[in-house]
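Biologist: I have a new model open and would like to learn how to read it. Could you walk me through it, one feature at a time?

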Amino acid sequence: MRVGRTPFALPQVLRDVLAQGSGRLGMTIVCLHLAVAVAAPMIAPQDPAVQDAGAMLQSPSWAHWFGTDRLGRDVFSRTLLGGREAMLIATLATVIAMVWGSALGILAALIGGRTDALVMRFVDAMMSIPWILMVMLFVAALGSSSAALVPVLGFSYGLSVVYLARAAALDFVARDFVVAAQIRGHARWSIALTELLPNVRDSLAVQGAMQWSWILLAVSSLSFLGMGVAPPTPDWGQMIADARGIMQRAPWALIWPMLALSSLVIGMNLAVDAWARATGVDRNRRVPGA
Amino acid sequence: MTAPAPKLEVEDLLVGGAEFRVVDKVSFTLAPGESFGIAGESGSGKSTLLLSLMGMMRQGLQHIGGSVRLNGLPMMGQTDAALACVRGSKIALIPQNPATALNPSRRIGAQIDEVLLVHSALNQRARAERVLDLLGRVRLAEPAVTAHRFAHELSGGQVQRAAIAMALAGEPEVLLLDEPTTGLDVTTQSALLDLLVDLRLRAKVGMVCVSHDLGVLARLCDRIGVMYAGAMVEEGPLALVLARPGHPYTQALVASIPRLSTGGLPSPIEGSPPALFHLPPGCRFAPRCALVQDACHSQRPALSWVEEGHKIACLRPNMAPKPVAHRPTTACAKGAPLLAVQGLSVSYAKQGLFAHKAPKPVVEDVSFTVVRGEVLGLVGESGSGKSTILAAIAGLAVPTAGQITLMSKDRTADLAARATDRPLSQLRSIQLIFQNPDASLNPRHRVIDLLAQPLMLYGHVPRSDLRAKAADLLSEVRLGAATLDRMPAQLSGGERQRVAIARAFAANPDLLLCDEITTALDVSVQAAVLELIHDLARKHDVAAIFVSHDLAVVRAIADRIAVLRNGRIVEINTAQELCARPVDPYTKSLLRSVLEIPT
Amino acid sequence: MVAVLLERIGLALVTMVIIAVVVFFALDLMPGDACSVTLERGASDSMLAACHARLGLDQPPLWRFITWAGDFLRGDLGISMQRERPIAEIVGWRLRNTLILAGVTSVIGIPLALGLGVLAGLNPDGPLDMAISGVAIFAMTVPEFISGTLMILLFSVVLGWAAGVVTIGYKAPAFELVKASILPAATLIFILAAHILRMVRASVIEVMQSDFVQMARLKGASRRRIIWHHVVPNALLPAISIIGLTMAWLLGGVVIVESVFNFPGLGRLAVDAVADQDLPLVQAIALLFGFIYVLTNLGADLLALTLNPRLRARRR
């Protein structure tokens, strides 16, 4: 029950982020990538799926700015479009991960006691299985499809969010103002929302951005292994896998997707670092032991 | 006969940053074997001053001017390596928080041994013997066992003694003490001070002791300096300064300390200390001074002699102040019983997946009643169960036995064990104020949001009236309406505690539970809060249970006092009777341990 | 101390049980099972039923779980659908190989990371720190398949020092495998060390600010003494639990790196198994990885217990 809004100073935060060199660089790269991803179908000069048997493995030329790959497809268009599917999956999965992870983590911290211990035991156990094997289990049974990847990745990455949200909330749960709210007679969910959430919000925002970049990398890795984005949809991970065998003869088919993916991730990291510094979030928090 | 060369000379020391000063032109000297106390509240710069005596600066602070000399050698502007031979051997520090000042992964004995290793030429066996000898000198039982322990395995008092042993290891000529008894129980504190006095007599070391507690300084020091906003405003022999303080700040400070012998509300000091960035030109204390003149605002007074050995920094030293009379508490009207606690017992069991520890009783068979409008004080040391009793009444701790009954105006009912099971009317009647105002106010809410919660929940105040009602509440706790839109981080500790009090009164309660609410506050701020609670409670006919470990504070505000020990009430009586004619031996020992300032 | 030890071991066992339950029932809940994915689409119901009976898939779930778990404990991991051989046979050699790879990575990577982390943390924002941290940040942002591929590009294609892709078989002698694991291990070390190094650096910086380090300075201890006796022991202790957590990452990274380099280990086997939709095999590998992780973490926990006196006493 709040009367006024706590001043959520988004414009101020953005200004602080852009005041830092790393922030400016990072935000620029990320925005550029997002813009390209959105506009790609319209600006890509060639159809990425068209295979031109006569033009295989051509080095960069006026017709094909980045050259062609093993199947004669235009590398430039494929690079422009290669991030779309992965970014979409990453966005959806991140939303799922953050929502379920934060909810469970904050509530576990608030309820405490045996419930908390049980939840953490379960989360610990689930985190013992490397995310990639969880995904592989599902892909083995269901076949690889983007639709299946979203919930599986959302679940797997949500686990580490539970950990972090709980740690962030625990910082505050023992504080007297939460106790005061409890004895005033507010319900648990109301306390989670009104008292805890505004305090862990910044930490979660940073976490969310980092999860997005990790999930993006996960999708690319899966595509590399043939379990992620399925052809003919272009994907950077897939392109790198394809180009591996021929990297001596056609390095351009390998380098461009690599640069694209790496630059996006590095840009994201720089922006998140600057954001964390602007909002006072401690990124180097040690993950608490059992 | 010429006086011996001073051990320590501080001359016009200036410490701070680009735009602010933490220590502003402070000068004093320490003769060999002398004990000098530095008194001051938070923000006075005393801790920074102490550290600079060892040539150490905290992060973000720099030495801007002036000098510190130990035996004639300069301490400022030197590297760690250059000072290493002096630190620990000629001058040693007893830290404020010994638990964190000791390496958590090395044994106590090894850390004392380290001082000997660095500064002496003794071989390993001789060092080991010395370590045991030192631990014995600080009166630690079983020195050999203690030497083998880690810091977290010792109690607060034991770890402080170990720190003293570590400081003495190098056989220093000057000992620095930083708030030596903070966080310790009254009886432990008393024993520790006895030890320090004894050590000083035997070893004939010089001492510089920093404390906010004048009582502690009264036990340990010959001379005293009072600091305010980075400057030393008064300096002189201890007995003289405390009996006839010259500077208005010292006078006000002494007046704000609760007295056990006389009782009565101590007098607060209006206003708050200046922010370091906005120091007023002229005298620092002028905005709050009762004797202020026009000249005080423009001219900064220097420390100058007023009489033999006694210096004051004031344009108009008042050498004959009015005697300090604390305002007596108004007698409480004999009211109907409000709360009855009967046979209350509480124990804490360890939670977890495998909970198998036997529960420990924290409160055992406690019974008392609280009458409408009275203030009942609960006094005890840590572990006595006093906070747990409040927690049980508030519904935070589930009792294992006993009953708590609330007799409100229309009905009498037993309180359910958990707050979540109680009806809103009961929750409204009992309000809890916490010790630490930093933690009890949500840092992301504005003051108006914080006050709105109880107003809407209990008072069903419509949104349109909230601002007006909240402003009324704030004026009762003597804060302006402008505070409504501030965030807790923008308020001082005292202001935050006032907001917490306003929040409690917003519910229109019958009973106020005060859990060490002044313990985290400076003495002058504490006086203001005590006065506030007393006046508001009388005005609104609200009863209060006031918990504290400090008997003098409880004496100032309570009508009746209950003394707790190990979860049981050992004595309960009116405040006056308890302090004048105590019955139980534990009460007597508590009264003896309270440090009174000689007047 | 013994009580804490038993508690940790008990918790580890509970965790392993939960993993087994999840791995088993996760597949159970999904449409399709070992039979339906292996047999051709449009297989008749009777063929499916026969397959189910053969594999025991017509039994109630709890019974199946118990038999499966029981078999596993006795060393019988079931039969691979595609290869039609006992899984234990297939997995055995490859487990050894993966352990060799993980072992080489840890033995070189962990001490390297600890040392670099301490160096970086002692002079934060100094030239050494900028260099180390810069490389570390780069390593953390680039995924394994890219760094692996770059390694091959650099060392095999450009410099010609080592063969890029591994060509030896899975039954090759251990020594050969150690040699073959150099490039894959280097890739893993690059990233593993970066993660651990950043944590150690942060820990060192925090410890340098602590009260007891300031106290040591005030006792007149030399800088060298402060670093070796006060900073390093206290900064590295929390690193041990972090190392345990990084193992989970390592196990995941192993899968990708083995695929990049064609290293004959458990990870590459898993990828092949997924491509073949060989469910029992994937299940068994997932379970194995989970157990390895739990055991490694238990080891790290026990190490931390012996080294950190504060953890030995039960929390008061």
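Modeller: Gladly! Let's begin with the make-up of a chain: chain C has 14 helices and zero strands. Please keep in mind that this is a predicted model.

Biologist: In what order do the elements of chain C run from the N terminus on?

Modeller: You read them off one by one, and here the string is α-α-α-α-α-α-α-α-α-α-α-α-α-α. For the overall extent, look along the principal axes: the C-alpha trace of chain C spans about 85 × 60 × 35 Å.

Biologist: What percentage of the residues in chain C is buried?

Modeller: Burial is judged by counting neighbours, with 20 or more other C-beta atoms within 10 Å as the cut-off. In chain C, 46% of the 316 residues pass as buried. A companion number is the sequence separation of contacts: among those in chain C between residues at least 6 apart, 73% join residues at least 24 apart.

Biologist: Now the domains. Which domains does chain A have, and where are their bounds?

Modeller: A domain can be made of several segments, and chain A shows this nicely. Its domain 1 takes in 17-45, 69-82 and 240-290, while domain 2 covers 83-233. The centres of these two domains of chain A, taken over C-alpha atoms, are 23 Å apart.

Biologist: How many residues are in contact between domain 1 and domain 2 of chain A?

Modeller: Count each side on its own: domain 1 of chain A brings 24 residues and domain 2 of chain A brings 15. On the domain 1 side, α2 (21-43), α10 (236-244) and α11 (251-279) of chain A each supply at least two residues. Of these, α11(A) gives the most, with 10 residues. By class, that side of domain 1 has 17 nonpolar, five polar and two charged residues.

Biologist: And what does chain B look like in these terms?

Modeller: Chain B is split into domain 1 (99-171) and domain 2 (373-400 + 417-593). Their centres in chain B are separated by 41 Å, again over C-alpha atoms.

Biologist: Last one: how many residues do chain A and chain C each put into their contact?

Modeller: The same two-sided count applies. Chain A contributes 41 residues and chain C contributes 47. On the chain A side, the elements giving two or more residues are α5 (113-128), α6 (131-142), α9 (188-225), α10 and α11 of chain A. The largest share, nine residues, comes from α6(A). That side of chain A divides into 27 nonpolar, 10 polar and four charged residues.

Key:
Residues are numbered from 1 along each chain as its sequence is written. Chains are lettered from A and ligands numbered from 1 in the order in which they are written. This is a predicted model: local features need pLDDT of at least 70, side-chain atom pairs count only at pLDDT 80 or more; totals for chains, interfaces and linings use all residues. Domain bounds come from an automatic or database domain assignment. Two residues are in contact if their C-beta atoms, placed from the backbone, lie within 7 Å. Helices (H or I, at least four residues) and strands (E, at least two) are DSSP runs, numbered from the N terminus. Ala, Val, Leu, Ile, Met, Phe, Trp, Tyr, Cys and Pro count as nonpolar, Asp, Glu, Lys and Arg as charged, and the others, Gly among them, as polar. A residue is buried if 20 or more other C-beta atoms lie within 10 Å of its own, exposed if 12 or fewer, and partly exposed in between; C-beta atoms are placed from the backbone.
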